[in-house]
Amino acid sequence: MTSDCIHCGTTFTSTNLNESFCCKGCEFVHELIHEEGLDRYYTLREGISIKPVRSVPFETHDFTWLEEFVHEAQVKSPAVKRLEGEFSLEGISCIGCVWLVEKLFLRRPGALEASTHPASGRVHLSWVRGEMDLLAFAHELVSFGYTLAPRRGGTVASESGAIGARLGLCGAFMMNAMGFALPSYLGMPDDFAFAGLFELVGLLTATLSMMVGASYFITRAWKAVRMKILHIDLPIALGLLIAYIGSIIGWLWHIRGLMYFDFVSTFVFLMLIGRYLQLAAMDKNRLSLQRQRPIPDMMRSPDRLEKVSLSELVGGLRFEINPGQSVPVAAVLDHATADFSLEWINGEAECCNFSAGRTVPAGSIYLGKSPVILTASETWAESMLAKLVSSERPAVRVLALERLLKFYLLAVLAVGVMGFWWWSYFHGAALALQVMISVFVVSCPCSLGVSLPMADEIAGSMMERLGVFIRQPLLWTRLCRVKTVIFDKTGTLTLERPVLVNPEVVASLPRAARLALARLASGSLHPVSRSLLEALGREGQAMLREEQAVVVEDVPGAGRRFMEEGAEWSLGKPGWRSPDLLTGVSQHDAELVMNGEMICHFRFQESLRADAIAALGCLKNLRYRLVILSGDREAKVSDAANRLGIAASDTHASLQPGEKEAIVEQLDRNDTLYLGDGANDSLAFNAAWTTGTPVVDRSLLEAKADFYFMGQSLSFLPKLLVLAKRRRRVVRCAFAFALCYNFTAIFISLLGHMSPLLAAILMPLSSVVSLAIVTFGLRGWVGRNRRVDLDAKTVHVHHQGAQPPASHHDSGSDRLRPRPI
């Protein structure tokens, strides 16, 4: 069965009636908010879905950059009492988040002012020097699911921000133009004392609208034409230019039938609204993930006084890597021994132990507690990781749209010229010019310019409720062509960390043992430790805050341990601290031991994402081809493929990044969707038609994916693909209406009955009708061959002549059951 998370509102598959949260992180934050008396957050956020918290409160975050920021601010302004800074903030999305973040900040000693901006994902803080503990505030934000990060550059949001400023000004220009045009429509005589003044004001407002708003579309259209690309901005720009030039001619010659000043201002305003809706949603999703890259930009080097950048890495240079960071180049380990994860390289999440003198491959993620020294064996330019990070997906042109625009523009031009010739032959040049300009004006794609962005906005908001966030506006068009869905295994089809099979053991431990387990698991990047820390939940975090900290020792390749009051506690592999208890082959994966006596053991297993079996079964019922490309071992990949019902011929294991890319290139006919999460999927991303990625702890792909998803379920995937086809049907309906409207308006223009007043009425009216078609169509569209109710809690799929997919069993979760209606 499916439910809505009572913290974030995300729809998820629950395994029992009492399950109310989509993840442990949401449960943790919900309890914390109630405990702190901050329940107003839910009142302010009512009815709005936000991103799932996931494992943010249980993660170890490195805020050394924040300490350096505060120190630099104090050194730069030694006499200033008030300090301030602007930071990126991941996780903020609504007015409730704004209130909560500012409340948490202002209640701390030394806090002065907090200003939070959800649209840009930034927060501006002011505090008193020496009285505010900014580092403690950053850690408190983590407990509530927010992550403070250095401020990123503003280039991503600049376009939507600039359009927002243009939109406000053009709205004022439109109101003035309409206000001063209204008297003439109501019968103001030409000899009225202020008639000329009103026309002059209309000219000035239209001119300002062209300078402020239309210039955006004209510039983009000109750049596209220079690149020999036809863009939707071209007919918009041409329509605006023709209407404005015709209005200037009408004003100079005193021909009222040519003066479309109010039309120009209104058209500019409506087009800016549509473009702002389209870009603002994309920018918000792009800015919502502000995490620092696992690849360090600057590193300390024992061989140099200053930090070195990636480009300065050369063979033989020693450099330092901090916990959680990725080794940027192949390098020899100088440290005695250290643990690394190779999940970016081969897709396997298991910890690998490296001894001194061994070469650590580029892309390995350091899992230790303190920094380690390595000696570079290659330059950054030679590193495979550099090739994966710097590779970009090629730009995609929508050739069908370009052909359609070419035909449409030629047809409108031909009709307008023919109308001019006919009317000039029988009625003179003045009336012929009015007819031709009216044809060009009414043929502008105003209704589509507003309704298409609205369709994207509605579809995007539907998917956001399922934890899916769209980054590229062309995604919906691309998804309609998808026939093959390609999956990476580890972190995509499976969860990023192993799942604790026996969580009841944690709950049954005495308090002293739970405290020891929390201390041993806290601060570790090992996937087993992080799973155990999540299992301890709210109580584990509370004990860590309340009890005195201890010094935990990492033993690479074995585990962790600490001493307290003569007792040694350890968490590690079986037989490490209790060798006499280990006989034969161990049936468990980790042990909690005190003074050589095993207190309990833990078993972990790699688990498929919730609803993975049922979601892929639904995709097969929809006749999509399913493929797995993984760097993991053959046995593990085959086992996952068998459980998911994927054919052996479509299952590929032990692949290098280049091999993944080659297979995708062979499969792709502009019809592949690739889902992956690791750096080893980067090249395959470039070869795929469209891409998506789960948000995991360490990933580079959110910045280049067409969409990303949060949470632990794959149930959204069939809904996303079917919603794309639903949107296509609705857009076609809006396009059909736009054609009917344009044909009718052009016919009226050719008859000589079109006037600026009629055009000013028909244009917004057509936009309203198009918006109604899109809004009601996406909310309740019923297709002839398929029905998918995205507002319901399950996906319903029906194909004529198709049978529902075979039932699969997934012991870990309930299933998404596609069934015919």
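The paragraphs below lead through this predicted model, from its overall make-up to single residues.

The chain has 821 residues, of which 54% are buried, and its secondary structure consists of 25 helices and 29 strands. Among the contacts that join residues at least 6 apart in sequence, 69% link residues that are at least 24 apart, and several of the examples further on show how such links look at the level of individual side chains or backbone positions.

Since the model is predicted, the confidence of each part deserves attention before any detail is read from it. The mean pLDDT of the chain is 84, with 89% of the residues reaching 70 or more. Confidence is highest in strand β17, residues 484-487, where the mean is 97, and lowest in helix α10, residues 343-346, where the mean is 70. Over residues 781-821 the pLDDT falls below 50, although this stretch still has 89 contacts in the model beyond its near neighbours in sequence.

A convenient place to begin with the interior is the set of enclosed spaces. The model contains five cavities of 30 Å³ or more, and the second largest of these has a volume of about 140 Å³. This second largest cavity is lined by 15 residues, and those closest to its centre are Lys-51, Pro-52, Val-53, Gly-91 and Gly-145. Sorted by class, its lining is made up of nine nonpolar, three polar and three charged residues.

The aromatic side chains offer another view of the packing, with 20 aromatic pairs in the structure. One of them joins Phe-105 and Phe-137, whose rings meet edge-to-face, with 5.1 Å from centre to centre and 70° between the planes. Because Phe-105 belongs to helix α4 (residues 95-106) and Phe-137 to helix α5 (residues 134-143), the pair ties together parts that are 32 residues apart in sequence. Both partners are shielded: Phe-105 is buried, with a relative accessible area of 0%, and Phe-137 is buried as well, with a relative accessible area of 1%.

Another pair is formed by Tyr-674 and Phe-685, and since their ring centres are 5.7 Å apart and their planes stand at 75°, the arrangement is again edge-to-face. Here a strand and a helix are involved: Tyr-674 lies in strand β27 (residues 672-675) and Phe-685 in helix α23 (residues 682-687), so that the pair ties together parts 11 residues apart in sequence. Tyr-674 is buried, at a relative accessible area of 0%, and the value for Phe-685, also buried, is 0% too. Elsewhere, ring pairs link Phe-63, Trp-65, Phe-69 and Phe-87 into a cluster.

Links across the sequence can also be followed through the backbone. Thr-490 is found in helix α16, which covers residues 489-493, and with a relative accessibility of 8% Thr-490 counts as buried, because the cut-off for that class is under 20%. Between the C-alpha atoms of Thr-490 and Asp-632 the separation is 7.6 Å, although the two residues are 142 residues apart along the chain.

A shorter span in sequence is bridged around Val-550, which sits in the loop between α19 (527-546) and β19 (553-555). At 23% relative accessibility Val-550 counts as partly exposed. Leaving aside neighbours within four places in sequence, its contacts are with Arg-519, Phe-562 and Glu-564; for Phe-562, which is 12 residues away from Val-550 in sequence, the distance from C-alpha to C-alpha is 7.2 Å.

Finally, two loop residues stand out for their backbone geometry. His-254, in the loop between α8 (233-253) and α9 (261-287), has a positive phi of about 60° although it is not a glycine, and at 66% relative accessibility His-254 counts as exposed. Asn-595, in the loop between β22 (590-594) and β23 (597-602), likewise has a positive phi, of about 50°, without being a glycine. Asn-595 is partly exposed, with a relative accessible area of 47%.

Conventions. Residues numbered from 1 in each chain as written. Predicted model: local features only at pLDDT ≥ 70, side-chain atom pairs only at ≥ 80, totals over all residues. Heavy atoms only, no water. pLDDT = per-residue confidence, 0-100. Helix = DSSP H or I, 4+ residues; strand = E, 2+ residues; numbered from the N terminus. Contact = heavy atoms within 4.5 Å. 1 Å grid on protein atoms, 1.4 Å probe; cavity = no way out; pocket = protein on both sides within 12 Å on 5 of 7 lines; lining within 4 Å. Points joined across faces, edges and corners; volume = space filled by probe spheres on them. Nonpolar A, V, L, I, M, F, W, Y, C, P; charged D, E, K, R; others polar. Phe/Tyr/Trp six-rings, centres within 6.5 Å; stacked < 30°, edge-to-face > 60°. Buried < 20%, exposed > 50% of the residue type's maximum accessible area, 1.4 Å probe, protein only.
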